[in-house]
Amino acid sequence: MGIAFDLSRAETYLSREELERAGAKAAELCRTLYEREDTEGVLGWRTKEKSVLQLDEIKAKAEEVRKRADVFVIVGVGGSNQAARALIEALPRKKRPKIIYLGNTLSSYTITRTLEELEGKSVYINVIAKNFGTLEPGSHFRILRQWMAERCSKEDMADRIIVTGTKGSRLHEIARERGYLFLQFPVPVGGRYSAFTPVCLFPMAAAGLDVDEYLAGMESACEDCQNHLEDNPAVRYAALRQLLYSHGYDIEMMVSFEPRYAFFTKWWVQLFGESEGKDKKGIFPAASIYSEDLHSIGQYIQEGRRNLMETFLSVKEPGPSLKVEPCPEYKDGFDYLDGMEFGDINRAAEEATLNAHAKGGVPCIRFTADLVSERSFGELYYYFMAACAVSGEMMGVNPFDQEGVEEYKRSMFTALGKTDP
Ligand code: PA5
């Protein structure tokens, strides 16, 4: 396992008996999660078999995109873009193709500015939408089709547009009518649990990232969750956060001293927020990137209301060597750093923050990846998805629906005059 986890600075808030009880309950829920039949069609994320579809087609088309595209546009929102974006923004990759995100805003300023970036470039588009009813990706797909139709032949468009959706959806029909490559969004996998489906696999492959390594990470975490029920990170984390919640800790912050994890923390916020925030229950998920946010939210964390738990996402790899060179002639007051590596300075700042927050009464949890890599992303995504399913069930909510989001959509559709269902 390339992921270590340390719960010691949070477990001190709880008694041994309650930890054992919650641990046993979480392990039992995890066992039934893997044993039960997927009668509601929401558990496809559990296995590679139900998630990883069309891998050869994905790899072949991704190679074409890498060869021919200057710009690759990912059109999707929420679970239909976050996992891929978190990987692409965190991992080193070639400059080409440039990756651009659309389908996630209604701001005419942002849409217009983004379209300007495409001018004169060789553009490929991947539209990702589970049911193809969401306004943002649907409307942007129309804009992009029209933009492309003015610049490309029908045949060229058929090569450059790839759609990811459910079989039988209108998006699937459009793909058939126009000859676009269609990738399946597996029906029994919800958007925020789709990290191992074509929804994420195709964009990450088109961006030049290693899909096989990523899936190896997924498989290792999946094996761990199924075979080490009592002692895997998903079960222990789920049990711990639910216990803390029952003691009044109803906000959880995911924090990292690596800005490259910023979109990972956004993915995590969506996963837990949409899965647990219902029936007037839920731990409110928030995210911060340190050290910048220590100079804003850090004050509240240290001394504000004591209802916060903090989950650190750390990495062992120190990053490229970057030393502070001496500069005695300036007498700038920073000579105590002379000869130090930024990797070590960052680590010292992280340890100091963790200690200060723990001392200030914040239960602190830590996940540490050996490396920021495709493999560790595969492990982290899987552990957090399994943890979220177990944690939601411990709380007594359905972690796989999102009726509240549907409510805002209905209200918006009425406001905009949409009449068909
Ligand atoms: O997790 C979910 O189901 C949601 O966040 C969806 O991913 C998001 O609303 C986008 O849905 P769609 O792909 O249908 O446009």
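**Notebook: where the two domains meet**

I started with the domain split: domain 1 covers 3-36 + 214-403 and domain 2 covers 48-209, with bounds from an automatic or database domain assignment. This is a predicted model, so I kept in mind that local features need pLDDT of at least 70 and side-chain atom pairs pLDDT 80 or more, while totals for chains, interfaces and linings use all residues. Numbering runs from 1 along each chain as its sequence is written, and side-chain values use heavy atoms, with hydrogens and water left out.

Next I looked up the spacing: the C-alpha centres of domain 1 and domain 2 are 30 Å apart. For contacts (heavy atoms within 4.5 Å), I got 28 residues of domain 1 against 22 residues of domain 2.

Then the buried area, meaning accessible area (1.4 Å probe) lost on putting two parts together, summed over both. Between the domains I have about 2,200 Å², with 67% from carbon and sulfur atoms. Tyr214, Leu215 and Phe263 give 28% of what domain 1 buries against domain 2, more than any other three residues.

I checked salt bridges too (side-chain nitrogen of Lys or Arg within 4 Å of a carboxyl oxygen of Asp or Glu). The rule finds two across the interface. I also noted that Glu219 pairs with Lys48 in a salt bridge, closest N and O atoms 3.4 Å apart.

Last, I sorted the side of domain 1 that touches domain 2 by class: 16 nonpolar, five polar and seven charged residues. Here Ala, Val, Leu, Ile, Met, Phe, Trp, Tyr, Cys and Pro count as nonpolar, Asp, Glu, Lys and Arg as charged, and the others, Gly among them, as polar.
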